[in-house]
Amino acid sequence: MHRTFTLVLASCFALLSLSNTLFAQAVVFDAAAARHLLARTTFGPSAAEVEAAVAAGLNASVDKLLAGATARKPRSFEVKPIRVERAALRGLSEEERQKKQNENRREDLQQLRSFTAWWMEVMVGGDAPLREKLVLFWHGHFTSSMRDVRDSKRMIDQNELLREECAGSFRRMLKAITVDAAMLEYLDNDENRAGKPNENYAREVMELFTLGVGNYTEKDIAEAARALTGWRVRGDEVYLDRRQQDRGEKTVLGVTARIDTDELLEILLARPEATRWVAARLVRFFAGENAAPELAASVAAALRENDWQLAPALRVLFTHPGFYARELRGQRVLSPVELVASLTHRTGDVVPPFLLVAAASRMGQTLFDPPDVRGWGGGADWINSASLLERQNWCGHLVGGVNPRDLKGGGDDRALRELARSGNWTPKKPLLTQEEQAGITTERALVDHLCRRFLEVQPLEAVRATLAERVKAEFVGGRCPADKVVRGLLKLVLSLPEAQIH
Amino acid sequence: MLRRHFLGTTALGAALLGLGRIPEGLLVSRAQRSGVERALVVVQLSGGNDGLNTVVPFADDLYHAARPRLGSKQADTLALNEHLGFHKALKSFPALHASGQLATILGIGYANPVRSHFSSMDIWHAADARGKLAGSGWLGRLAETGFPDAKEPELIVHVGNRVPFALSNKKHAPVAFAAPAGFRWRGGKEDLAALEKASASECMEDAPTSVGHVRGTFRDAVKASRNVENAVREFKPATPFPENGLSAHLQSVAAMLTAGFPTRIYSLELGGFDTHNQQLTRQARCLDELDALGAFQAELKARKLDDKVLVLVYSEFGRRVAENGSQGTDHGAAGVAFLLGSKVKGGLHGSMPSLKDLERGDLRFTTDFRTLYAPIIAQWFGMQAAPIIGEVAEPLAVL
């Protein structure tokens, strides 16, 4: 009795010292909390997955997620360089060269498309959903675009780099990304030379990757650009050309020395603003825009105490009472990629992954093609009148089938054009098992089943009644209607505002 | 709402009279008679357009010294006067300039320039040095204060995917769409009716605020998409438009103007101006798209809508005077803006910044961008500028 009491007391103190403010109370990890955790850290949790998480408890559930994110796995996608060697162009006419380069570009884009489809598949059904969620996060943080980096192998290598370090060390990730071939090309640091600086990377590494705006001066940028000089890319090889490197003295953020690239990054990592910035970005992505400041402060402290190791910081984030605050639940807008992957995880349909990629693109998120160097804005920005209709239409297509005439209007996606030519895609198996069908005898039961299965936020009674009314005529003799009707109703459920958030 | 009713009934009337397809001329005069209100079309050049190579000071030796590889010679520019020339991709600009429909504002910028794309764009959007912390955009505030009772969802329309902060406000959520053909709810009529009924439900207390936001967006989207669909279906350009993205978006705007939309602010974006390398080809490609403004203005003239429309073109900053080592330019400060329309006082405004007296290698601004916003608010919309963008000492005489 006495021992238990001391233990409880000790853990209370531990918790208090951890958050030492508002959130001294522990997390009540009930079904709603488990659903919240899995909705934010995986892609569309099923009822069974939520149940298993509740049974395991908060700590074990978070351990499992993090174990998946940190596990070292060999790359599963084979990637090869697809480049035109200069020698192969020698002696060709301008027209022949152009033709060869265009062919090469097509083949190269095809490789990137295959990889994107692979990525989408592991988001939908892979065994490490948090890892892929983190890769998606970092793809928006350390972003690069295929429009500028016209080389699929470099884009894929960058993505694999983000995957390897997604819950590893931010220090290692920052250092690797700085000399990553795709990033060097995307932010022009491969053209940054002694005496002829290019400030692009110097600015963004401070503004977007580590410190946030307002935490450095224009002079710091000019000096940092000098420290970043000399990097070149040749094929897959990144090397430092010492003749192009500015080895003179520089002053960055108050430090004066012959600063080189590695030392510059250490100067940035040592700033307290850096842990705060990275923590704030993680909190915004996973918890949402309205998280209490204590949450980001705790995550920043964990990053500092663990020398930039991400897993312990993520553990603090996902076990923090602030993460489970009522006012954060059901308030985050799903990004298009999350929306299509979550939906497909829940239907269990085998949708061609390129179709999911194309659908997300129509909704405003094209993987490997962010709108700008900030990545994707996220939050409420995902929803405007056009994107909302696309989200509703495409969720409908993804559960009910795609018809070529649905593909008209907007977008020049090659995958969709191919699909439009090849006919259509339809689901191959019923949405409801026979057992489920047997249990659903009224239109209300069907509406409730679909809402519970596909929505994190349950619609009000009046809304559910309206949807039930729509399928009432289809219930003859208390028998669940045909799959086509069920899927038609699901399209309506997915068109509800509640389907856009989690 | 009334105007669209009017359009609808007269179109029906025309059909009943056996006219079949409504002749173009009739449409023009109808849109006009129904009293189209003045509208502003904003074209944002994202990435930081290099003003020096847009309006080129070819007669200045310092320009050529700073840009040995990127500098344009007089012969490569389109004549403006004996010192300045337009970039050669802006083929329609000299005529618009000569006929007084185009105002070119030189040396535009603001004090203590910020060289971050996002922070600088925020300042232009907010018309406030605090950027996003100001809470709303200048066009959003203009709509809020100028049209407090407007009920139409299309009061502000953004043609494109990303709604800029300039439009943000508490009262009038902008309608946005990129391609008109994809802008509609696909599914059965009865299904849509059920959804509309579900989204009309008033008992919202228990639902999260995010649900209410999406619900409002859905209602606006359904309404606006029907109107856009009709407008685009009935529109056949009278002018040949070039084939590019901005041109397509401008045609959508022309269609909406022709249909008599209640829109007071149209917003468009043209990206790709962040020319840290290969600037010559990259900027030319962008400005070639921008040149679609020539077709747009011709279209409006043909439909006699030109005196109802004002076009503002701006970018978040100009670029560094000296070229960098990659045949490009880094982020700079003062740049160039344009105002286009039949009511514009055309010609050069502001003054060309010195290429000698630079601020950390950048052009010093001679014209605060708020002195360009002020006449748009005051003369174009007939509203007080100060509550929207603060006191402006010397508004430009562009209108």
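## Polar contacts and salt bridges between chains B and A

Between chain B and chain A, 24 residue pairs are in polar contact, with both residues at pLDDT 80 or more; a polar contact is a pair of N or O atoms within 3.5 Å, where within protein one must be able to donate a hydrogen and the other to accept it, and residues adjacent in sequence count only if both atoms are side-chain atoms. This is a predicted model, in which local features need pLDDT of at least 70 and side-chain atom pairs count only at pLDDT 80 or more, while totals for chains, interfaces and linings use all residues. Side-chain values use heavy atoms, without hydrogens and water.

Five salt bridges are found across the interface of chain B and chain A, a salt bridge being a side-chain nitrogen of Lys or Arg within 4 Å of a carboxyl oxygen of Asp or Glu. One of them joins the side chains of Arg320(B) and Glu199(A), at 3.3 Å from N to O.

## Extent of the interface

In the interface, 51 residues of chain B are in contact (heavy atoms within 4.5 Å) with 51 residues of chain A. Phe118(B), Arg186(B) and Val214(B) supply 16% of the area that chain B buries against chain A, more than any other three residues, buried area being the accessible area (1.4 Å probe) that two parts lose on being put together, summed over both.

## Strand 9 of chain B

Seven of the seven residues of strand 9 (residues 309-315) of chain B are buried, so this strand is largely enclosed by the rest of the structure; buried means under 20% relative accessible area (1.4 Å probe, protein chains only), and strands (E, at least two residues) are DSSP runs numbered from the N terminus.

Terms used:
Residues numbered from 1 in each chain as written. Chains lettered and ligands numbered in written order. Buried < 20%, exposed > 50% of the residue type's maximum accessible area, 1.4 Å probe, protein only. Helix = DSSP H or I, 4+ residues; strand = E, 2+ residues; numbered from the N terminus.
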